[in-house]
Amino acid sequence: MMDINKKRLAIVGGPKSVEKIFPWPIYDETDVQAVASVVRSGQWGNPDCADEVARFEQEFAAYCDSKYAVTCVNGSVSLRLALIAAGLRPGDEVIVPPYTFIATASVVLEINCVPVFVDIDPRTYNLDPERIEAVITEKTRAIIPVHFAGLACDMAAILDIAKRYNLRVIEDAAHAHGAEYKGRKLGSIGDAGSFSFQSSKNLTSGEGGIVITNDDALYETMNSLRNVGRLPSGQWYDHFNPGCNYRITQLQAVLLSEQLKRLDEQTIIRNENGLYLDSLLADVDGITPLSRGAVAVRHCYHLYIVKYDKTKFGQLPKNEFIAMLLAEGVPCSAGYPHPLYKQPVFQQKNFMCYAIPESVDYTQVYCPEAEQACLHEAVWIFQQAMLGTRADMESFVRAIQKIQMAVSG
């Protein structure tokens with residue numbers, strides 16, 4: 001006969017711990033009217049009439065305390081623009097973490113360069129600066145620190161390494177809108193910072209991206225590359241660089257301007273709820289929130305991540321725990337199933353037309369901390385859930401405790 005505690009689990013028909021739905025994106029009539037006004041104007045394109053695009057770029061640059069911002073079609077392209085503008089050449093090596101979305105590494109392939117994977121810090125799941133110098137070679141040209149889940153990397157350590165080895169630092173801030181490191185907005189600290197506006201992101205227009213910089217030369221090149229290689233000094237059909245049409249529309253820009261008005265308030269809510277969840281989970285054996293790092297930061301919690309220890313949950317595998325947690329109503333995921341270097345594109349060397357040296361081989365790459373996170377530990381709670389109330393955070397913890405009680409008997 002099934003234990004009474006197991007009968008209470010939602011996955012077998014018991015009541016849910018969390019009944020609330022957490023919608024995303026959040027919008028109101030002002031967003032609708034802003035987009036409608038552009039539709040009615042008939043001026044949807046860019047650069048034919050780019051008033052709204054330029055306005056949003058100026059707003060976002062100012063928000064990040066950065067000199068320039070260049071919008072583009074998505075966060076993958078924004079990374080690509082930054083790397084090309086930074087002067088990388090075929091065969092150059094770029095240091096990336098293995099625990100991130102595929103684009104962080106695939107854009108390196110797309111500029112005919114070689115991703116070099118460096119393991120993550122198990123306390124933060126961010127690129128571990130202490131492991132970087134061991135992989136630097138004469139071909140290393142750049143580092144892409146990913147502010148994973150909206151938590152700042154150790155930028156002081158990374159910038160110190162970059163300075164000593166003359167490396168470019170391109171921040172992947174796709175998760176990090178509004179987050180801070182020592183009082184500075186993420187994305188504004190390295191040579192350039194790349195953001196995504198894909199539909200799940202904390203600032204979204206469904207799709208889109210942006211790259212910010214304080215470097216005049218980087219800005220000029222990135223601006224040209226996203227606009228078919230044009231330069232302001234040239235004529236319409238003068239193309240100075242091998243760019244493409246990576247422009248966003250007026251419709252996306254005006255929607256982003258409206259969404260940006262909410263970003264600070266939403267970031268504060270997520271940050272406070274993250275701190276509150278940390279305090280609640282301190283007493284739950286087997287669930288360990290990731291560290292917020294060694295410096296005071298504003299975490300924007302694109303994801304709230306905990307490390308799951310199955311030995312405290314009756315040896316329940318992580319995927320089964322996730323299934324139970326989802327059934328209880330907690331918006332969550334197991335995250336990446338394996339580190340990036342285990343993706344078929346790397347294991348099978350499916351580099352197609354890209355000029356990756358034949359000697360490059362990822363079959364022997366092994367990053368133990370990333371493997372542990374993917375296979376056994378990492379549990380993600382999604383950013384829209386972090387916009388809930390304190391009572392909602394308490395309900396997430398009750399769901400975890402309910403599962404633990406049911407499976408540990």
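Here is a quick walk through the salt bridges, aromatic contacts and internal space of this predicted model.

**Charged pairs**

Let's begin with the salt bridges, of which the structure holds 22. One network links Glu180, Lys185, Asp264 and Arg298. Glu180 turns up in two of the pairs tabulated below, meeting Lys185 in one and Arg298 in the other. The Glu180–Arg298 pair bridges quite a stretch of chain: Glu180 sits in strand 6 (residues 180-181) and Arg298 in strand 11 (residues 297-298), so parts 118 residues apart in sequence are tied together. Both basic partners are tucked away, with Lys185 buried at a relative accessible area of 14% and Arg298 buried at 15%.

| Salt bridge | Closest N to O distance |
|---|---|
| Arg168 – Asp191 | 3.3 Å |
| Glu180 – Lys185 | 3.3 Å |
| Glu180 – Arg298 | 3.9 Å |

Arg168 and Asp191 make another salt bridge. Arg168 belongs to strand 5 (residues 168-172), while Asp191 is in the loop between strand 7 (184-185) and strand 8 (192-196), so this pair joins parts 23 residues apart in sequence. Here the side chains are not fully hidden: Arg168 is partly exposed, with a relative accessible area of 25%, and Asp191 is also partly exposed, at 24%.

**Rings, and charges over them**

Lys185 has a second role to look at: it lies over the face of Tyr63, 4.6 Å from the ring centre. Tyr63 in turn is part of a cluster that ring pairs build from Phe56, Phe60, Tyr63, Phe195 and Phe197. Elsewhere, Arg230 lies over the face of Trp236, at 3.5 Å from the ring centre.

In total, the structure holds 22 aromatic pairs. Take Phe148 and Tyr336: their ring centres are 6.0 Å apart and their planes meet at 55 degrees, so the pair counts as tilted. Phe148 comes from the loop between strand 4 (140-143) and helix 6 (155-165), and Tyr336 from the loop between strand 13 (332-333) and helix 10 (344-347), so the contact ties together parts 188 residues apart in sequence. Both Phe148 and Tyr336 are buried.

**Space inside**

How many cavities of 30 Å³ or more are there? The count comes to 1, and the largest cavity holds about 100 Å³ of space. It is lined by 13 residues, and those closest to its centre are Leu290, His299, Tyr301, Leu303 and Ile305. By class, the lining has 9 nonpolar, 3 polar and 1 charged residues.

Notes. Residues are numbered from 1 along each chain as its sequence is written. This is a predicted model: local features need pLDDT of at least 70, side-chain atom pairs count only at pLDDT 80 or more; totals for chains, interfaces and linings use all residues. Side-chain values use heavy atoms; hydrogens and water are left out. On a 1 Å grid over the protein atoms alone, a cavity is a set of points where a 1.4 Å probe fits but cannot get out, and a pocket is an open set with protein on both sides within 12 Å along at least five of seven lines; lining residues have an atom within 4 Å of a point. Grid points are joined across faces, edges and corners, and a volume is the space filled by probe spheres set on the points. Ala, Val, Leu, Ile, Met, Phe, Trp, Tyr, Cys and Pro count as nonpolar, Asp, Glu, Lys and Arg as charged, and the others, Gly among them, as polar. Rings of Phe, Tyr and Trp (its six-membered ring) pair if their centres lie within 6.5 Å; planes under 30 degrees apart count as stacked, over 60 as edge-to-face and the rest as tilted. Helices (H or I, at least four residues) and strands (E, at least two) are DSSP runs, numbered from the N terminus. Buried means under 20% relative accessible area, exposed over 50%, partly exposed in between (1.4 Å probe, protein chains only). A charge sits over a ring if NZ of Lys or CZ of Arg is within 6 Å of the ring centre and within 35 degrees of the ring normal. A salt bridge is a side-chain nitrogen of Lys or Arg within 4 Å of a carboxyl oxygen of Asp or Glu.
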